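Here's a quick briefing to read with the structure open beside you. Have a look around first, then work through the bullets.

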Amino acid sequence: MVDDSEVPHVIVNVEINLNDIDNVDLSQIGGYIYVEGGVRGIILRRESQDIYRAFDRNCTFQPADECAVVDMHTSGFYMEDTCCNSTFDLSGFPTGGPAEYPLREYGVAVAGDILYIYNN
C-alpha cells in the first residue's frame with residue numbers, strides 16, 4: 001500500500017535528444033523544459049554548462065492530491081505549486097508554503113547529444 005503522504009516511487013528511464021528543436025530552451029544556462037515521466041512529469045533544467053537537474057513535478061505536500069503539481073515560476077528563479085502555494089528553490093528544497101520535504105530528484109547523465117534521466 002502506498003502512503004498518501006509520500007511521493008510514489010516509479011521507474012524513470014528517459015532519453016532526451018539535446019539537438020531536438022523541442023529542447024532548444026536547454027541550450028542556455030537556466031533554461032528548462034517539462035518532460036514526460038516520473039509521477040506527474042519532470043522539470044529538466046540546465047544549471048550550468050555541464051550540469052542538468054531533473055525534479056519530479058509531484059509536490060511533496062499532500063502528493064496524492066490531483067493538483068499537487070509543481071511548475072517553474074515564470075521568473076525562472078524558483079519552482080511552485082499553486083494549489084498549496086508551496087515554493088521550492090532551484091535545488092528542490094522547500095522555501096515557502098506547507099511543503100516540508102524537497103522535491104524528488106532524478107539522476108542525469110549526458111553522452112554526446114543524448115541526455116538520460118534515471119532513478120538514483
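A quick word on terms: a residue is called buried under 20% relative accessible area, exposed over 50%, and partly exposed in between. Keep in mind that this is a predicted model. The protein has ten strands and zero helices, and buried residues make up 38% of its 120 residues.

**Overall build**

- Reading from the N terminus, the elements go β-β-β-β-β-β-β-β-β-β.
- The radius of gyration is 14 Å, close to the 14 Å that the globule rule gives for 120 residues, so the protein is as compact as a globular protein of that length.
- If you want box dimensions, the C-alpha trace spans about 40 × 35 × 20 Å along its principal axes.
- Take the contacts between residues at least 6 apart in sequence: 43% of them join residues at least 24 apart.

**Tyr32, Tyr34 and the arginine over the ring**

- How many aromatic pairs does a search of the whole structure find? It turns up one.
- That pair is Tyr32 with Tyr34, arranged edge-to-face, with 5.8 Å centre to centre and 75° between the planes.
- Tyr32 has a relative accessible area of 23%, so it falls in the partly exposed class.
- Tyr34 is also partly exposed, because its relative accessibility is 37% and the class runs from 20% to 50%.
- Tyr34 has another partner: Arg57 lies over the face of its ring, 4.1 Å from the ring centre.

**Salt bridges**

- Side chains of opposite charge can pair when their charged atoms come close.
- Here the count comes to three salt bridges, taking a side-chain nitrogen of Lys or Arg within 4 Å of a carboxyl oxygen of Asp or Glu.
- Arg57, the residue sitting over Tyr34, is in one of them: it bridges to Asp71, with the closest N and O atoms 2.1 Å apart.
- That pair links distant parts of the chain, with Arg57 in the loop between β4 and β5 (71-72) and Asp71 in strand β5, 14 residues apart.
- Is Arg57 buried or exposed? Arg57 counts as buried, because its relative accessibility is 15%, whereas Asp71 is partly exposed at 27%.
- Arg53 has a salt bridge with Glu47, at 3.3 Å from N to O.
- Arg53 also forms a salt bridge with Glu105, where the closest N and O atoms are 2.8 Å apart.
- The Glu105 and Arg53 pair links distant parts of the chain: Glu105 is in strand β9 (residues 105-111) and Arg53 is in strand β4 (residues 52-56), 52 residues apart.
- Put together, Glu47, Arg53 and Glu105 are linked in a network of salt bridges.
- Within that network, Arg53 is buried because its relative accessibility is 16%, which is under the 20% cut-off.
- The acids in the network are partly exposed: Glu47 has a relative accessible area of 31%, and Glu105 has 29%.

**Ser86 and Thr60, two buried polar residues**

- Ser86 is in strand β7 (residues 86-88), and it is buried, with a relative accessible area of 0%.
- Which backbone atom lies 3.0 Å from a polar atom of the Ser86 side chain? It is the backbone nitrogen of Ala99.
- Beyond neighbours within four places in sequence, Ser86 is in contact with a list of residues including Cys59, Phe61, Met79, Pro98 and Ala99.
- Thr60 is found in the loop between β4 and β5, and it counts as buried at 10% relative accessibility.
- A polar atom of the Thr60 side chain lies 2.6 Å from the backbone oxygen of Tyr101.

**Ile114**

- Ile114 is in strand β10 (residues 114-118), and it counts as partly exposed at 23% relative accessibility.
- Leaving aside neighbours within four places in sequence, Ile114 touches Glu15, Ile16, Asn17 and Ala109.
- Ile114 and Asp22 are 92 residues apart in sequence, and their C-alpha atoms are 14 Å apart in space.

Terms used:
Residues numbered from 1 in each chain as written. Predicted model: local features only at pLDDT ≥ 70, side-chain atom pairs only at ≥ 80, totals over all residues. Heavy atoms only, no water. Buried < 20%, exposed > 50% of the residue type's maximum accessible area, 1.4 Å probe, protein only. Helix = DSSP H or I, 4+ residues; strand = E, 2+ residues; numbered from the N terminus. Contact = heavy atoms within 4.5 Å. Phe/Tyr/Trp six-rings, centres within 6.5 Å; stacked < 30°, edge-to-face > 60°. Lys NZ or Arg CZ within 6 Å of the ring centre and 35° of its normal. Polar contact = N/O pair within 3.5 Å; in protein donor to acceptor, adjacent residues only side chain to side chain. Rg over C-alpha atoms; globule rule 2.2 N^0.38 Å.
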